[in-house]
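Hi,

Here's the structure I said I'd pass on. Have a look at it first, and then read on for what turned up.

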Amino acid sequence: MNIYRFLVLSIILFCCNSTLASAEDFSVEPSEVLKTLDKSHPRLMLKDKDLERLKKLYTKDKVLQKCLKDVLKDADACAKKRMLTYRKIGPRLLSVSRECLHRIYALGLAYRWTGEQKYAEKAKENLLTVCAFKDWNPSHFLDTAEMSHAVGLGYVWLYSYLDIETREKIRAGLVKNGFEPALSAYKKSWWSKSEHNWNQVCNGGMIVGALAIAQSEPGYAEQIIISAIESLPRALKSYSPDGAWMEGPGYWSYATHYTAYGLTALQTALGTDFGLLQIEGLAESGSFPIYTAGPRGLYLNFADCGGRSSRRPMPCMFWLARTYDNSLYAEAEHAEIAKSDARAQHVVWYVPAPVTMPAAKELDRYFRGPVEIAVFRSAWNDPEALFVGVKAGYNQVNHGHLDLGSFELDALGIRWVRDLGSDNYNLPGYWDKRRGGRRWSYYRLNSKSHSVPLLNGEDQDPLAISKFTRFQTERSSAFVLVDLTSAYKNSANKVTRGVAMVENRRAVLVQDEFDIEKTCELIWAMTTDAKIDIKEKDTAVLTLGGRKLIARILSPSVAGFTVESAQQKPPQKTNRGVRRLIVRLPNARGNVRVAILLLPVWKAREVVTKVQVKPLAQW
Ligand SMILES: [Zn+2]
């Protein structure tokens, strides 16, 4: 059998297997699905008995008191806002749906906590306004799902406040703008078969909407819940095996919040999660935002994560903490809400601060999966610590960039090596990720902006797949090796990158090895906000925020540094002031090794003088 036939057969078998798994493990009998429905209101997310439990806890839990203060402040601000209007940005109504959801949670919880009608009245106005919209933009279904979530939740939480006529109007809006398009979407849209954030957001939003009015609309509710239970495992399996999210930390948050909404709605209204909570990786997934945040909270922001995206309060961490009884997640989220405002969903999923401290976190972590991540640090709880993260995986991943092997580095409280993040989603062809697709003409998305090698100036192959081949974590030495060969097939027989913490975790070594048959131009590059001074040809001094980092070429001895600008012209983001530190080898051939040492200048000014270069095979 030739390799291509083998691959096709493997893909068919894989698809059959995954279909079987989702159909068999998570199928639901239509006649059974609503049998356990709680007929009382509010049946979703936070029941009255849970509210009472929280009110008791409130009398003695200072953090919960602070959360409520934050929510009431937010609700007061929401009450003063202008009424929502139907306004699309590009093809999306999403910002309106999200704003509606934000208001309904804040106003709804404020009303239920205080009993003050001003909050309920404002929430009702918002609900009636969006239910009178001509549609919830089903062509971009996230917008429909998030709005269905907002409206379903508002209906349930305010049920006793709403008069019969208002209830009817809201139900009619939910059916027309939410359920009708959902039923046709489950038949023919791509997202119900997708393995990424769209799956959880669309299913999670529709579950909340469907269960909100399941008594008066059992036909719709049944079909939506059955379809969602069948669809969700496809995406939940993407957390496997270690909880990483292939679309980066930003989309981890979006996908995991909607996992939490959907599953909480099922549990509260039906008393079951249909076994979805047991899917491998979900219980571990709270580790992902913890470990992929650097010492100052900046994420390893691969995929279309924002350029400065950082750890922020995320209520789904409380949901994970209480669902899986995990004190690490609880502790991490308590640390976040101590610094920033809590949201209504923090109260819904509230867990008190853990009494016993969780086990100490590891310095290094390897997340396996379709996109692999390795992160290393010199210490926890030290904002000046050294941190480096590397990614592997496949370039076709949703929201992916051509960035296999790319790394980011923090030290001394500064991000020295960065990913520029996403560009404007409305740029023409932004989603055309085929080989030759327009997505790859955009600087922030292609290889030329990433801290990866460039051979003959070409981007990595958009169809490339890469794997870590070794990961080691020891106190004095920690490293990862990634096989990048498939990304550079046009120009090299083999490409391997090693990234290591060296010198007792005071410096980072990035070492690339190439086997090149036909002479080509080889560029080693990293992207930085720092000012760069080339002192000698093999030594560059980077300065940022009053701190310094030295880059030194250990191999090859003939090479020298140069600097280029990362600036681009609109309509792309311009990346003002961003630079690229470059090593250019115009005639690379045979076995070539590029080894660059990155040395933060620590306060004690101890200078790491010599790091021995060993072949990656001997690491
Ligand atoms: Zn990127």
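The count of cavities of 30 Å³ or more comes to 2. Keep in mind throughout that this is a predicted model.

The largest cavity holds about 50 Å³ of space. If you want to find it, look for Leu300, Phe302, Lys391, Asp403, Ser406, Phe407, Glu408, Arg418 and Asp419, which line the largest cavity. What sort of residues make up the lining of the largest cavity? They split into 5 charged, 3 nonpolar and 1 polar.

The second largest cavity comes in at about 40 Å³. Its lining is made of Ser238, Tyr239, Ser240, Ala244, Trp245, Met246, Arg368, Gly369, Pro370 and Val371. By class, that second lining has 6 nonpolar, 3 polar and 1 charged residues.

Next, the salt bridges. How many does a search of the whole structure find? The answer is 39, and here are a few to click on.

Asp38 and Lys47 pair up through their side chains, with N to O at 2.7 Å. Are these two buried or exposed? Asp38 has a relative accessible area of 19%, so it counts as buried, the cut-off being under 20%. Lys47 is buried as well, at 16%.

Arg308 and Asp529 form another salt bridge, at 3.0 Å from N to O. This one links distant parts of the chain, as the two residues are 221 residues apart. Arg308 sits in the loop between helix H11 (287–291) and helix H12 (316–323), while Asp529 is in the loop between strand S11 (507–528) and strand S12 (531–536). Arg308 is exposed, with 52% relative accessibility, whereas Asp529 is buried at 18%.

Then there's Arg506 with Glu503, where the closest N and O atoms are 3.2 Å apart. Both residues are partly exposed: Arg506 has a relative accessible area of 23%, and Glu503 has 30%. Elsewhere, Lys49, Asp50 and Arg53 are joined into one network by salt bridges that share partners.

Last, a helix: H6, which covers residues 141–157. At 1.5 Å a residue, its 17 residues should span 24 Å, and the end C-alpha atoms are indeed 24 Å apart, so the two values agree. Why call H6 largely enclosed by the rest of the structure? Because 17 of its 17 residues are buried.

Shout if anything is unclear.

Cheers

How values were computed. Residues are numbered from 1 along each chain as its sequence is written. This is a predicted model: local features need pLDDT of at least 70, side-chain atom pairs count only at pLDDT 80 or more; totals for chains, interfaces and linings use all residues. Side-chain values use heavy atoms; hydrogens and water are left out. A salt bridge is a side-chain nitrogen of Lys or Arg within 4 Å of a carboxyl oxygen of Asp or Glu. Buried means under 20% relative accessible area, exposed over 50%, partly exposed in between (1.4 Å probe, protein chains only). Helices (H or I, at least four residues) and strands (E, at least two) are DSSP runs, numbered from the N terminus. The expected span of a helix is 1.5 Å times one less than its number of residues. On a 1 Å grid over the protein atoms alone, a cavity is a set of points where a 1.4 Å probe fits but cannot get out, and a pocket is an open set with protein on both sides within 12 Å along at least five of seven lines; lining residues have an atom within 4 Å of a point. Grid points are joined across faces, edges and corners, and a volume is the space filled by probe spheres set on the points. Ala, Val, Leu, Ile, Met, Phe, Trp, Tyr, Cys and Pro count as nonpolar, Asp, Glu, Lys and Arg as charged, and the others, Gly among them, as polar.
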